[in-house]
Amino acid sequence: MPYRCTIQHHHYVFSNLKTVLAKASPFRSGDALAGIQAATYEERVAAQIALADIPLKDFLQETVIDYHQDEITRLIIDTHDIIAFAPVSHFTVGQLRDWLLSDNANTASLAAVSMGLTPEMVAAVSKLMRNQDLIAVAQKCEVVTQFRTTLGLKGRLSARLQPNHPTDDAKGIMASVIDGLLYGSGDAVIGINPVSDNPSTVVQLLNMLDALRIKFSIPTQTCILSHVTTTLQAIQQQAPVDLVFQSIGGTEKTNTGFGVNIALLKEAQEAALSLHRNPNSNQVMYFETGQGSALSANAHEGVDQQTCETRAYAVARHFNPFMINSVVGFIGPEYLFDGKQIIRAGLEDHFCAKLMGLPMGMDICYTNHAEADQDDMDNLLTLLGVAGCNFIIGVPGADDVMLHYQSTSFHDALYARKTLHKKPAPEFEQWLEEQGITDPDGNLLPAYRFKTQLLYTRF
């Protein structure tokens, strides 16, 4: 059905829900590349006004991608929780925004309604929000997950230790792991993006990280971020797979491009659970997303990139993951042109995932050809810390020498914790004190004893 708005005698008509969502999006280069953005600022405002008046129930009747052609649409509609939706079912998008910003929307009520909100509802309300609104609502959400550490508790900020190496060299990787541990990173996961997706390499790296974890009783998880089919082969070999990783998108065509579908992800989840490595829950999945992935694969189906991104969260939510993060600026300036667009997208991604009940972290990053710099990342890091982001990425020097992009460093995690009065995961915090790496206040100590032990250990 068409949606309309009149501004100063100019009548704007948006032919369907997909169109009004795209036109209402804050400007970004990806939507311009796709040719679906608002032509003028006034048209964007008109779309936002029209969007604000759409009843949430309409999102259950009109889909942005046809139900019969897209398995993610079918997942969204078929698994929608009517009971959780009931408290907000009479709202329009604008009324949902007002409720989210009110004191009536607290941590408990937001958690209760999360399964009743579809990705398109959540994407829609985000388009009516300023950056401060996205932060204010997200910081009220608390999504806690458990493996060997507990992530997502209020007052905590975890870090993924990312020791990537351009040749998967074991010594080079271990040097980065030691560096990260000595700076208090790694409580979310020690996760390697391998250069090679060869199963033997993946198994070798898994065994190395697990041996380190066991030798020093490190309360953390390990993960080799290989394709899910490679991880399945590793599981079949009884390799120590803690978490199954996979990049996912918000359309069936995008995931086909990634070589996955919902059935394959389910198979991998069941295989990981059969290893019984999580002592505290059945959360064994780690997903990665990013605005622009569907467009870069020519699989966006005419849907704006932020709505596509939020639809990916429906896939993640279906598998009750331990972790999920957006690689917000990784895909490049064709999709998020500069620091301003990256910051906005990062806050949107975190808000939308948290509102949908997901344990969202963030790779606060940019590529070297984007109009962004480390000051922009400092700003986004600080804003996400205030918003209650579950975890960030720790890379030596913030410069990933394998993936060739700029992220955040072990030092950045220390800055965010100290400045925002955050702590690591409680189990990891205790371990850092026991090892003499930090004092009870979280301050770094020389840690010579632990460093010497690590340096003279063979794996």
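Tyr286 is buried in this predicted model, with a relative accessible area of 0%. Its ring pairs with that of Phe245, which is itself counted as buried because its relative accessibility is 6%. The two rings sit edge-to-face, 5.3 Å apart centre to centre and with 75° between their planes. This is one of six aromatic pairs in the structure. Phe245 belongs to strand β8 (residues 244-247) and Tyr286 to strand β9 (residues 285-289), so the pair ties together distant parts of the chain, 41 residues apart.

Strand β8 turns up again around helix α12 (residues 228-236). Val228, Thr230, Thr231, Leu232, Ala234 and Ile235 are the buried residues of this helix, and they pack against α11 (199-215), β7 (222-224), β8 and α14 (262-273). After α12 comes Gln238, with a positive phi near 60°.

On to the nonpolar interior. The largest nonpolar core has 139 residues, and the members that touch the most others are Leu51, Leu100 and Phe351. Helix α17 (residues 339-355) supplies the largest share of this core, at eight residues. As for Leu51, sequence neighbours within four places aside, the contacts are Val20, Leu21, Ala24, Phe59, Val93, Ala124, Lys127 and Leu128.

Two buried serines deserve a look, starting with Ser326. This residue is in strand β10 and, at 0% relative accessibility, counts as buried. Where does its hydroxyl-bearing side chain find a polar partner? The side chain of Asp349 fills that role, in a polar contact of 2.8 Å with the side chain of Ser326. Beyond four places in sequence, Ser326 is in contact with Thr289, Gly290, Glu309, Asp349, Met360, Gly361, Met362 and Asp363.

The other serine is Ser158, in strand β5. Ser158 is buried as well, with a relative accessible area of 2%. A polar contact of 2.8 Å joins its side chain to that of Asp187. Leaving out residues up to four places away in sequence, Ser158 touches Leu151, Asp187, Ala188, Asn390, Phe391, Ile392, Arg417 and Ala425.

One of those contacts, Arg417, leads to helix α19 (residues 410-420), whose buried residues are Phe410, Asp412, Ala413, Ala416 and Arg417. Why do these residues end up on the same side of α19? They span an arc of only 160° around the axis, and that places them on one side of the helix. The elements covering them include β5 (158-161), α10 (170-182), α18 (374-387) and β12 (391-394). Both ends of α19 have something to show. At the N-terminal end, Ser409 acts as a cap, with a side-chain oxygen 3.2 Å from the backbone nitrogen of His411. Following the helix is His421, which has a positive phi near 60°.

Glu334 offers a contrast in setting. This residue is in the loop between β10 (323-327) and α17, and its relative accessibility of 38% makes it partly exposed. Apart from neighbours within four places in sequence, Glu334 is in contact with Ser29, Gly30, Leu33 and His369. Of these, His369 is 35 residues away along the chain, while the C-alpha atoms of Glu334 and His369 are 9.9 Å apart.

That leaves the cysteines. How many disulfides does the structure hold? The count is zero. For Cys308, which is in no disulfide, the nearest cysteine sulfur is that of Cys352, 13 Å away. Cys308 is buried, at a relative accessible area of 4%. Cys365 is also unbonded in this sense, because its sulfur is 12 Å from the closest cysteine sulfur, in Cys389, which is too far for a bond. With a relative accessible area of 0%, Cys365 is buried.

Conventions: Residues numbered from 1 in each chain as written. Predicted model: local features only at pLDDT ≥ 70, side-chain atom pairs only at ≥ 80, totals over all residues. Heavy atoms only, no water. Buried < 20%, exposed > 50% of the residue type's maximum accessible area, 1.4 Å probe, protein only. Helix = DSSP H or I, 4+ residues; strand = E, 2+ residues; numbered from the N terminus. Arc of directions from axis to C-beta. Contact = heavy atoms within 4.5 Å. Polar contact = N/O pair within 3.5 Å; in protein donor to acceptor, adjacent residues only side chain to side chain. Core = buried A, V, L, I, M, F, W, Y, C linked by side-chain atoms within 4.5 Å. Disulfide = S-S within 2.5 Å. Phe/Tyr/Trp six-rings, centres within 6.5 Å; stacked < 30°, edge-to-face > 60°.
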